[in-house]
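Trainee: Please take me closely through a single position in this protein and its surroundings, and then set that position against the fold around it.

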Amino acid sequence: MSTTTNRLKTSHQNRILYMIILISFVIIMATVFTGSAAAETLTVTENDTIQDVVDNASAGDTVKIPDGTYETSITIDKDITLSGSEKTIIDGTDLYSESGIFVTSQTATIEGLNIQSFEENAIVYAPSSVGDNLVLNVR
C-alpha cells in the first residue's frame, strides 16, 4: 500500500508542478504581449509640431518642449506629461483660439509652460477628463 500512496503523491505533485509552470508561462506571455514598455521622453524638434509629438506619445510618456515661442494650441487626449521651462511659451496671439491646451485625458500633467494670449483660457478640461490632472509651474 505504501507504493500506491507514493505513486499517487508523486502524480499529484507532478500535476501541481505542471500547473505552476503553465501559469508562469501565461503570465510571462501576457506581460510580453501587452506592450509593457517603459515610459519614454519625447522631445519636440524643429521638424515637429507639438501636437504631432503629443499624438505619437503613449500613456505614461513625457513630451518635452524646448525653450522657444510656439504659436499653437494643443489637445491632450492621453495620460502624458507635457513639460517645458519658464522660457517655453505657448502663444495664441494670431490663432484666434479660445484655449491654449485642451485636456480630455484623466491624468495628464502640464508643467513649466508660459501660456499666453488665448481668447478665453490657458487650459480647458473636458467634462470627461475629471481625474487626477496636474498643473505645475504654469504661467
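**A serine and its setting**

Mentor: Once its neighbours within four places in sequence are set aside, S97 is in contact (heavy atoms within 4.5 Å) with S73, F118 and E119. This is a predicted model, in which local features need pLDDT of at least 70 and side-chain atom pairs count only at pLDDT 80 or more, while totals for chains, interfaces and linings use all residues. Residues are numbered from 1 along each chain as its sequence is written, and side-chain values use heavy atoms, with hydrogens and water left out.

S97 sits in the loop that runs between β6 (88-91) and β7 (99-103), where strands are DSSP runs of E of at least two residues and helices are runs of H or I of at least four, numbered from the N terminus. With a relative accessible area of 17%, S97 is buried, because that word applies under 20%, with exposed over 50% and partly exposed in between (1.4 Å probe, protein chains only). The side chain of S97 also reaches the backbone oxygen of S99, at 3.2 Å, a polar contact being a pair of N or O atoms within 3.5 Å, one able to donate a hydrogen and the other to accept it, with residues adjacent in sequence counted only if both atoms are side-chain atoms.

On one side of this loop, β6 belongs to an open sheet of three strands in the order β3-β6-β9, with parallel pairing. Since β3 (68-71) and β9 (114-116) are the edge strands, each with a single partner, one side of each is left without a neighbour in the sheet; strands pair if DSSP finds at least two bridges between them. From one strand to the next, the twist averages 20°. Four bridges join β3 to β6, and E71 has D91 of β6 as its bridge partner.

On the other side of the loop, β7 supplies at least two residues to the largest nonpolar core, as do α2 (50-56) and β4 (74-76). That core has 21 residues, and I50, L82, I90 and I101 have the most contacts inside it. Beyond four places in sequence, I101 is in contact with residues including I74, L82, I110, L113 and V124.

For the protein as a whole, there are two helices and 11 strands, and 29% of the 139 residues count as buried. Among contacts between residues at least 6 apart in sequence, 47% join residues at least 24 apart.

Key: A nonpolar core is a set of buried Ala, Val, Leu, Ile, Met, Phe, Trp, Tyr and Cys residues joined through side-chain atoms within 4.5 Å. Axes are lines fitted to C-alpha atoms, for helices over the stretch in contact, and angles run from 0 to 180 degrees between N-to-C directions.
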